[in-house]
Amino acid sequence: MERIGIILLGPPGSGKGTQAKELEKKFGFVHISTGDLLRKAVREGTPVGKIAEKYMREGALVPDDVILKLVNEALDGVDKFVLDGFPRNTSQAEKLDDMMREKSGKITKAILLEVTDDEIVRRLLARRVCPSCGRVYNLITSPPKDDNKCDVCGVQLIRRSDDNEDTIRNRLSVYRNETAPLIDYYERKGILVKIDAEKSPDEVFNAIVRVIGAH
Ligand code: ADP
Ligand code: ZN
């Protein structure tokens, strides 16, 4: 069995999670989000969660060994996946290559979602999430029907604790310094594709579908 995976690259707020969920729904890619896995660990108070919490609060990267263990477990038995939020630095990307060699898997595309800094800050400050089902809203572009409540669960929406201006600035600088070098990394492998992610979620999704072709 050959496993295949695609990577979504891009700054926080570029829409990786939104697009990955669509890829899961429409094409059966298993969505692996290290951010979601970490938030779950923090909520459940697991040992991983206890380590991750302080890094996440500051918008810093959680140590590689913690992340690699999470990803390794998440990949278990999965043959078609989309990575969201991983890899986030060169050493994680190299480890992913090792993992793929061991598990006879292959990353077929790294898709970069391009968004300007101004737009990122605008999006993240307007982002709200449902604490119950995890659905993501944007007060400007995709508000809930009923004032600040989840359309599905009726629960009061919350702001992610790292969606404040200071932490956003930190996450952006971590992205620039540590994650952006991966653009070159995947370009050299010949699998990088850039997509204008300031367009609507539907338009971005269609562009991604064109890139991955029939899967
Ligand atoms: P965003 O992409 O919007 O910044 P994520 O949900 O992907 O948010 O990640 C939230 C936080 O979780 C990050 O700021 C970081 O602390 C941690 N994190 C997520 N993925 C990784 C990773 N691959 N390596 C290290 N830390 C990570
Ligand atoms: Zn909900």
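# From the central sheet to the zinc site

In this predicted model, I7 has L83 of strand β3 as its bridge partner. That pair is a convenient way into the sheet, since it belongs to the contact between β1 and β3, two strands that run parallel and are joined by five bridges. Strand β3, which covers residues 80-84, also pairs with β2, again in the parallel sense, here over four bridges. Within that second pairing, V30 is matched with F81 of β3, and S33 has D84 of β3 as its bridge partner.

Taken as a whole, the sheet is open and has five strands, which follow the order β2-β3-β1-β4-β7 with parallel pairing. Its edges are formed by β2 (30-33) and β7 (192-196), each of which pairs on one side only. From one strand to the next, the twist averages 25°.

How many of the residues of β3 are buried? Five of its five residues are, so that the strand is mostly covered, given that a residue counts as buried when its relative accessible area is under 20%. The side chains of β3 divide between two directions: K80, V82 and D84 point one way, F81 and L83 point the other way, and all of them are buried.

Helices lie against this sheet. Helix α2 packs on it and touches both β2 and β3, with a direction that makes about 65° with that of β2. Helix α8, by contrast, lies across β1 (3-9), β4 (105-114) and β7, and it runs at about 130° to β7.

Helix α8, residues 181-188, also packs with another helix, α5, which spans residues 90-102; the angle between the two is about 35°, and their axes are 9 Å apart. On the α5 side the contact is made by T90, A93, E94, L96 and D97, and these meet P181, L182, Y185 and Y186 of α8. Sorted by character, the residues of this contact comprise six nonpolar, one polar and two charged.

Helix α5 appears again around helix α4, which is made up of residues 64-74. The buried residues of α4 are V66, I67, L68, L70 and V71, and what covers them includes α2 (34-44), α3 (47-58) and α5. Helix α2 therefore has two roles in this description, since it packs on the sheet and is also among the elements that cover the buried residues of α4.

Which residues does R171, a member of helix α7 (residues 165-179), touch beyond its close sequence neighbours? Leaving aside residues up to four places away in sequence, R171 is in contact with P12, G59, L124, R127, R160, D162 and D163. R171 counts as buried, because its relative accessibility is 10% and the cut-off for that class is under 20%.

The zinc ion (ligand 2) is held by four protein donors, the SG atoms of C130, C133, C150 and C153, which lie 2.2 to 2.4 Å from it. Along the chain these donors follow the spacing C-x2-C-x16-C-x2-C. The angles among the four donor atoms are 105 to 115°, and the site is tetrahedral. Are C130 and C133 buried or partly exposed? C130 counts as buried because its relative accessibility is 3%, whereas C133, with a relative accessible area of 41%, is partly exposed.

Technical notes. Residues are numbered from 1 along each chain as its sequence is written. Chains are lettered from A and ligands numbered from 1 in the order in which they are written. This is a predicted model: local features need pLDDT of at least 70, side-chain atom pairs count only at pLDDT 80 or more; totals for chains, interfaces and linings use all residues. Side-chain values use heavy atoms; hydrogens and water are left out. Axes are lines fitted to C-alpha atoms, for helices over the stretch in contact, and angles run from 0 to 180 degrees between N-to-C directions. Contact means heavy atoms within 4.5 Å. Ala, Val, Leu, Ile, Met, Phe, Trp, Tyr, Cys and Pro count as nonpolar, Asp, Glu, Lys and Arg as charged, and the others, Gly among them, as polar. Buried means under 20% relative accessible area, exposed over 50%, partly exposed in between (1.4 Å probe, protein chains only). Donors are N, O and S atoms within 2.8 Å of the metal (3.2 Å for Na, K and Ca); water is not among the atoms, so sites may look incomplete. Four donors count as tetrahedral if all angles lie between 85 and 135 degrees; four count as square planar and six as octahedral if opposite donors are over 155 degrees apart and all others between 65 and 115; anything else is irregular. Two strands pair if DSSP finds at least two bridges between them.
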